Amino acid sequence: MIIIKSKHEVELLRDAGKIVAETHEIIRDAIKEGISTYELDQIAEKNITKYNAIPSFKGYGGFSGSICASLNEVVVHGIPSKDIILKNGDIISVDIGAFYKGYHGDAAKTHPVGAISENDKLLIDVTRQSFYEGIKHAVVGNRLSDISHAIEVYATRYGFSIVKDFVGHGVGKELHEEPQIPNYGPAGRGPRLQEGMVLAIEPMVNQGTYKVKVLGDGWTAVTLDGKKSAHYEHTIAITSEQPLLLTAL
């Protein structure tokens with residue numbers, strides 16, 4: 001069942017989203033050669049908790065970090081570690097969630113570390129823009145898969161592939177609610193979009209194959225061919241006009 005949020009609930013979701021957005025800005029500024037993903041995790045947790053909010057991911061299903069820090073070929077769910085040190089030429093996807101006054105915000109961005117290749121820049125840019133191409137269709141009356149289809153069409157135009165094992169989702173009092181939102185597939189399918197739906201739209205785009213595998217820790221998902229992956233996500237609300245980005249400043 002898709003839970004429709006009231007305007008008051010959307011405001012509370014926006015409050016949680018602002019904490020996520022601010023934390024992303026702080027993490028972006030902290031990313032540099034030589035820093036560990038554990039240090040990034042601590043920086044994020046400190047900013048989230050100063051608002052009396054809780055990192056949404058910490059303890060979720062046994063996950064140990066406050067953020068997901070996914071380096072290079074890691075698609076999603078990278079566990080922060082003192083042993084993972086950023087170096088020049090890396091790309092890192094950071095997924096951040098905050099639980100505040102009973103509601104979650106959830107967003108992810110991929111960042112360069114120092115100077116990166118032109119193809120890596122293109123991967124990051126295309127992943128980000130595929131999100132915005134998708135939400136052009138996030139309007140009342142459209143079908144959910146209209147968003148999915150637009151994301152896939154845009155990303156694959158550049159020779160990249162869309163991850164199929166992980167999808168977007170509804171957001172609210174729970175971090176993951178219905179519906180599931182693939183980043184691929186034909187248009188014109190799924191439920192009609194209604195005002196008050198709150199959705200985490202999150203393209204995950206690979207340079208090579210779309211296939212992934214999960215490592216022995218049970219969390220870290222990597223590309224099957226070892227090529228790089230990027231991730232971009234915002235929590236949005238469907239409104240009577242344009243979609244509202246709840247996790248933007």
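## A guided tour of the fold

Among contacts in the protein between residues at least 6 apart in sequence, 71% join residues at least 24 apart. Keep that in mind as you turn the structure, which is a predicted model.

**Whole chain.** Start with everything selected and colour by secondary structure: four helices and 15 strands should appear. The radius of gyration is 17 Å, close to the 18 Å that the globule rule gives for 249 residues, so the protein is as compact as a globular protein of that length. If you draw a box along the principal axes, the C-alpha atoms fill roughly 45 × 45 × 30 Å.

Now switch on a surface. Its accessible area comes to about 10,700 Å², and 51% of that belongs to carbon and sulfur atoms. Buried residues make up 55% of the 249 in the protein. For a look at charge, pick out the 26 positive and 31 negative side chains; the centres of the two sets lie 2 Å apart.

**Lys5.** Next, go to the segment before α1 and select Lys5. Is this lysine buried or exposed? Lys5 has a relative accessible area of 7%, and because the cut-off for buried is under 20%, Lys5 counts as buried. Show what surrounds Lys5: leaving aside neighbours within four places in sequence, its contacts are Val10, Leu13, Val171, Gly172, Glu177, Gly196 and Val198. Before moving on, draw a distance from the C-alpha of Lys5 to that of Ser81; these two are 76 residues apart along the chain and separated by 37 Å.

**Ser36.** Ser81 also turns up at the next stop. Select Ser36, in the loop between α1 (7–30) and α2 (37–49). With a relative accessible area of 3%, Ser36 is buried. Which residues does Ser36 touch, not counting those up to four places away in sequence? They are Ser81, Lys82, Ile84 and Ile85.

**Two positive phi angles.** Follow the chain past α2 to Asn52, in the loop that leads to β1 (54–55). Asn52 is not a glycine, yet its phi is positive, near 60 degrees. At 72% relative accessibility, Asn52 is exposed. Then jump to His77, in the loop between β3 (74–76) and β4 (91–100). His77 has a positive phi too, about 65 degrees, and is likewise not a glycine. His77 is partly exposed, with a relative accessible area of 24%.

**Helix α3.** Select residues 118–135 for α3, which has 18 residues. From first C-alpha to last, α3 reaches 26 Å, close to the 26 Å expected at 1.5 Å a residue. Show side chains and look for the buried positions of α3, among them Leu123, Ile124, Val126, Phe131 and Ile135. Asp120 and Glu133 are also buried in this helix.

**Helix α4.** Move to residues 144–156, the 13 residues of α4. The span of α4 is 19 Å between its end C-alphas, close to the expected 18 Å. Its buried residues include Leu144, Asp146, Ile147, Ile151 and Tyr154. What covers the buried residues of α4? The cover includes α3, together with strands β6 (161–162), β8, β9 (198–201) and β10 (204–206).

**Strand β8.** For the last stop, stay with β8 and select residues 177–181, where you will find Pro179. Zoom in on the peptide bond joining Glu178 and Pro179: this bond is cis, with omega about 5 degrees. Glu177 is here as well, and Glu177 is one of the contacts of Lys5 from earlier in the tour.

Methods: Residues numbered from 1 in each chain as written. Predicted model: local features only at pLDDT ≥ 70, side-chain atom pairs only at ≥ 80, totals over all residues. Heavy atoms only, no water. Rg over C-alpha atoms; globule rule 2.2 N^0.38 Å. Buried < 20%, exposed > 50% of the residue type's maximum accessible area, 1.4 Å probe, protein only. Contact = heavy atoms within 4.5 Å. Areas by Shrake-Rupley, 256 points an atom, 1.4 Å probe, with all protein chains shown as cover. Lys, Arg positive; Asp, Glu negative; His and termini not counted. Charge placed at Lys NZ, Arg CZ, Asp CG, Glu CD. Expected span 1.5 Å × (residues − 1).
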